[in-house]
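Please look over the sequence and the model below before reading the briefing that follows. The notes take up strand pairing and charged side-chain contacts in turn.

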2 protein chains.
Amino acid sequence: MKVVIIGGTTGGAGVAARLRRLGEKVQIAMIERNPYVSYAGCGLPYYAGGIVKNKDDLFVVDKAVFDKRFRVRVSTATRAVSIDRKEKCVYVKNLLLQADKVYYDKLVIATGATPIVPPFAKDKKGVFTLRTVEDAVGLREYIEKSGVTDALVVGGGFIGLEACENLWRQGLKVTLAEKAPQVMAVMDEDMAKYLHMELESKGVTLKLGVGVSDIAETADGKLNVTLDNGSTLSTGLVVLAIGVRPESTLAADCGLEVSERGFIVVDDTMRTSDPDIFALGDVVTVKGVPEDRLGTLALAGPAAKQARVVSSNLLLNEGEESKAKHFKGSLGVSIVRCFNLTAGSVGKTERFLAREGVKDVTSITVHTPHHVSWFETALPVHLKLVFNKVTGEVLGAQAVGQVSVDKNLEVISALMQKGATVYDLADFESAYAPPFSAPRSPVNMAGCVAANVVDGLIETVNCADLEKFDKDKTVFLDIREKEEFEAGSIPGFINLPMEKIREEITCERLDPDKTYVLTCQVGVRGYTAACILRGYGIKAYNLNGGYVSYQVYSRKLKCERDA
Amino acid sequence: MKVVIIGGTTGGAGVAARLRRLGEKVQIAMIERNPYVSYAGCGLPYYAGGIVKNKDDLFVVDKAVFDKRFRVRVSTATRAVSIDRKEKCVYVKNLLLQADKVYYDKLVIATGATPIVPPFAKDKKGVFTLRTVEDAVGLREYIEKSGVTDALVVGGGFIGLEACENLWRQGLKVTLAEKAPQVMAVMDEDMAKYLHMELESKGVTLKLGVGVSDIAETADGKLNVTLDNGSTLSTGLVVLAIGVRPESTLAADCGLEVSERGFIVVDDTMRTSDPDIFALGDVVTVKGVPEDRLGTLALAGPAAKQARVVSSNLLLNEGEESKAKHFKGSLGVSIVRCFNLTAGSVGKTERFLAREGVKDVTSITVHTPHHVSWFETALPVHLKLVFNKVTGEVLGAQAVGQVSVDKNLEVISALMQKGATVYDLADFESAYAPPFSAPRSPVNMAGCVAANVVDGLIETVNCADLEKFDKDKTVFLDIREKEEFEAGSIPGFINLPMEKIREEITCERLDPDKTYVLTCQVGVRGYTAACILRGYGIKAYNLNGGYVSYQVYSRKLKCERDA
């Protein structure tokens, strides 16, 4: 049997290596348009920033290893031009424009995606994307040789944020423009704001809600960038990170089914509409992740898992369909380091679920120390949990913090993989010793708070909802200690330290006919205070995430003004 | 309703706080024999070592908070002497030996456990345990004031290892004596050896397989310790950390059901054999964890979860049994920091399962970089997965390394909580960006290797099994590069770099009738090499964990000699 694989990075290379292990006798050919295979695409921003020092470090496995160890015939610098499904062959052209055709019994398409570059940005000196090794090498060279002192990053997704950090590391003054009102589309705005604050604190100029409508080279070798709000700015360097589009032309041209947005349609065995052609990686649709998030699912982890599925299924004989391996879909777990912060997401955002009209969705946010507070320096993990308030089903989670964000997200990913409720998060058994966690880890805390919501033990409100309360019928109480309150509080809230609440009630100084909205620092004491009020038959809401959440919420104005 | 709680640390204090939130009108009394409540028992070794600087930091919530915020009547320095179940009262005595009795409608026993102190060690100056704040304060004072320069730690469990690190931090020369042939009973010996190596590298003298049979004070103020191998040693300080026994006398004396090993028997609603009496924490049996590991399940995490269950169930009215909350049992997730290493465990060890005669158990070990190898410094996570080789059910996992051990263990804990197979570990979606993980995280790698074993794609052997092969019928091949082989290899193995294997086979220089045992550095290349041999119909085994595992395995002699 002869298998031809188009594309030699995570998806294609992964299929080639495992297919060889499963079938020593299979003929395997791999076609790659770049001059190399199996490079670390995720490392490109870090090469630009100098953290990855040598270009060679970006090559995970070189061509010689595929050749000798895996006996894969690799053709680099070779483009697949078209696929003839009747003849079962791929027409290819190499750098010298020599044409050839390669016959296959089974074909694998792992062509990935290409960065979106608007027409006005094409072939402009000083404008870069970050997809290939050449991109990163070119960018670093440009920084080192051009004497550039500032840069504009367009797009606040993973690559945009990593680019900001790495350009900053190279000493550049960085501006970030993002068309949406927030960075990181895989997070809700309340959580993305931590990143806004972090970027600003490092001197990155944030332009939110602003796209780029033109780029012009100027006589002094700089770039004049026109923003879609009409303003212009001059910069020495532009990094475009506004997303990718799937490289599905080959597939579409030979009549394979392709989605509206250009992704190759596969079933969960990773087969395309032609049973002899498989596809995987950034170029395919993925089950279980909403279509409109596919653009952001250009992730290496799912590609590696799909490679395992494809390599197994390539070897199935006719009639062995029942033995097929299945790709389980993706939760879209993603994470990014942005200066000293880490931010990540799993599952769906509240924003997405609202847009889809999903019912009974709510969320809670906790600010929990990453380990016990009495051990060395405990740092908060800001963790938002999105869940169904009736069934307790966990729909998504987002986390931000300096440490342990990856750990807490991965735990939620693991639980969601097996179908989690908020009770599972409350029951989760963390690995606790003082340097690592607490008897209640951030995941446990989020689970317990959410379980209290589902169980009806607490009603919470978000900062954005505070304005909806009738001021005449509501009392806004900050139940922290006097000193805490005086150091900063939410406008309209009056201070009543929680230890005095019972006295106020029993002395009949609290009006039982009013509604009480309570806040404390992070929401923990507020919960206890709300329970006390409820114990006396008084209606009380607890502010979700307390004053810490409010501090982030109230940054809204600043970020909008910036843009 | 009046609830009396005996014990005011994690279990008891947890019940008190949540019970108040759930029921403002309940009367709650808490009886604690220490002069304080709610202290951080896990912090005691770190107080002794000076990481936790102030004694006050060890008090999580003080008595005044229980009094004012939670309206709990706390009696500290008060001992519960007996329980009269007919009268429904607890007889107590305070420090002044004043006797009293406290009536209850529901009683909660959270008396915890006490360190085991053999008779010969009782009341000796310079001999310490680490259970109470006084213990830790006394130990630190003794170190600071006595001029002691060395210490013997007896027992290599969590507290023993933490004591080693913290005494070393105080500048003492430390010896560790452990009766078992290894430290950390919750791990298999192959994984515990990393800790042996770490301890030795820090200058801790390891005495494995050796218990203590006598301690005598000497005229010069030192301690003369007799080991059970007959030898003696002189030391300035002894820390006993040989385990705890449950404080169940009260319960046993009033006729509650107590297990053979002295733990109070509870059902999964945390009820004792008396429906009006609940118990939780270190003093109770725990479902799903084998009886003989109960002694090591003195963990704060499960106690916090049990507190949630107890507080809910205390408020159930008669006939509401169906609304009862249930404690799901414990996987016994545990973790310890030991100098620069972290080591932890979840589920069952191979040793335990073998002793229990469980069928079809096997294990694999991977040594996977904690993040992509090309990003800054990647450090190995040594991860052992214990599983059923027929069904793929995950039975346990153990991990050791400098970083990410907690994360990878927690992921496996989360998956096991929901009933995991090795395929679930392979499918797990990690949070990957270069600073955090890799497209295949350590959990993914372990899952993939184990899945290959279950699928029959690879047969592995452990270092201990190498001797079982008939030398005349077996070829031991080290398939690493020449330079790697020459830098250190396993006796009896000959070098054949993997890229040459196919040539050797096709040139008929490998005897197809022999069995081949292959090793590489960590087991990854060896798997590919074994696949090649199998492709030519040659029987091949891959050494589990490769040369890295062998290096640890071969340390056996050194450790035994030390003891």
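What follows is a briefing on one sheet and on several salt bridges.

This is a predicted model. In chain B, 5 strands form an open sheet whose pairing is parallel, in the order β3-β2-β1-β7-β18. Over all chains, the structure holds 64 salt bridges, among them the pairs of chain B and the network of chain A described below.

**The sheet of chain B: edges and twist**

- Strands β3 (72-75) and β18 (277-279) of chain B stand at the edges of the sheet, and because each has a single partner strand, one side of each is left without a neighbour in the sheet.
- From one strand to the next, the twist averages 20°.

**Strand-to-strand pairing in chain B**

- Strands β1(B) and β2(B) run parallel and are joined by 5 bridges, and within this pairing B:K2 has B:Q27 of β2(B) as its bridge partner.
- On the way to the β3(B) edge, β2(B) is joined to β3(B) by 4 bridges, again with the two strands running parallel; here the bridge partner of B:A29 is B:R73 in β3(B).
- Strand β7 of chain B, which covers residues 106-109, is joined to β18(B) by 3 bridges, and these two strands also run parallel; in this pairing B:I109 stands opposite B:A279 of β18(B).

**Helix α1(B) and the strands it covers**

- Helix α1 of chain B, formed by residues 10-22, lies across β1 (2-6), β2 (27-31), β3 and β7 of the same chain, and runs at about 165° to β2(B).
- Together, β1(B), α1(B) and β2(B) make a β-α-β unit that is right-handed.
- Why is β2(B) described as largely enclosed by the rest of the structure? The reason is that 4 of the 5 residues of β2(B) are buried.

**Salt bridges within chain B: B:R169 with B:E165, and B:E198 with B:K202**

- As a general point, side chains of opposite charge can pair when their charged atoms come close.
- The side chains of B:E165 and B:R169 meet in a salt bridge with an N to O distance of 2.6 Å; because the two residues are 4 residues apart in helix α5 (residues 158-169) of chain B, they are separated by about one helical turn.
- The surroundings of these two partners can be stated separately: B:E165 counts as buried because its relative accessibility is 2%, whereas B:R169, with a relative accessible area of 33%, is partly exposed.
- A further salt bridge joins the side chains of B:E198 and B:K202, at 3.2 Å from N to O; B:E198 is buried, with a relative accessible area of 12%, while B:K202 counts as partly exposed at 23% relative accessibility.

**A salt bridge between distant parts of chain B**

- The side chains of B:E459 and B:K539 meet in a salt bridge with an N to O distance of 2.5 Å.
- This pair links distant parts of the chain, 80 residues apart: B:E459 belongs to the loop between α12 (442-454) and β24 (460-461) of chain B, and B:K539 to the loop between α15 (524-535) and β28 (540-543) of chain B.
- B:E459 counts as partly exposed at 39% relative accessibility, and B:K539 is likewise partly exposed, with a relative accessible area of 36%.

**A network in chain A**

- In chain A, a network of salt bridges links A:D188, A:D190, A:E350 and A:K384.

Notes. Residues are numbered from 1 along each chain as its sequence is written. Chains are lettered from A and ligands numbered from 1 in the order in which they are written. This is a predicted model: local features need pLDDT of at least 70, side-chain atom pairs count only at pLDDT 80 or more; totals for chains, interfaces and linings use all residues. Side-chain values use heavy atoms; hydrogens and water are left out. Two strands pair if DSSP finds at least two bridges between them. Axes are lines fitted to C-alpha atoms, for helices over the stretch in contact, and angles run from 0 to 180 degrees between N-to-C directions. Contact means heavy atoms within 4.5 Å. Buried means under 20% relative accessible area, exposed over 50%, partly exposed in between (1.4 Å probe, protein chains only). A crossover is right-handed if, with the strands pointing away from the viewer, the path from the first strand over the helix to the second runs clockwise. A salt bridge is a side-chain nitrogen of Lys or Arg within 4 Å of a carboxyl oxygen of Asp or Glu.
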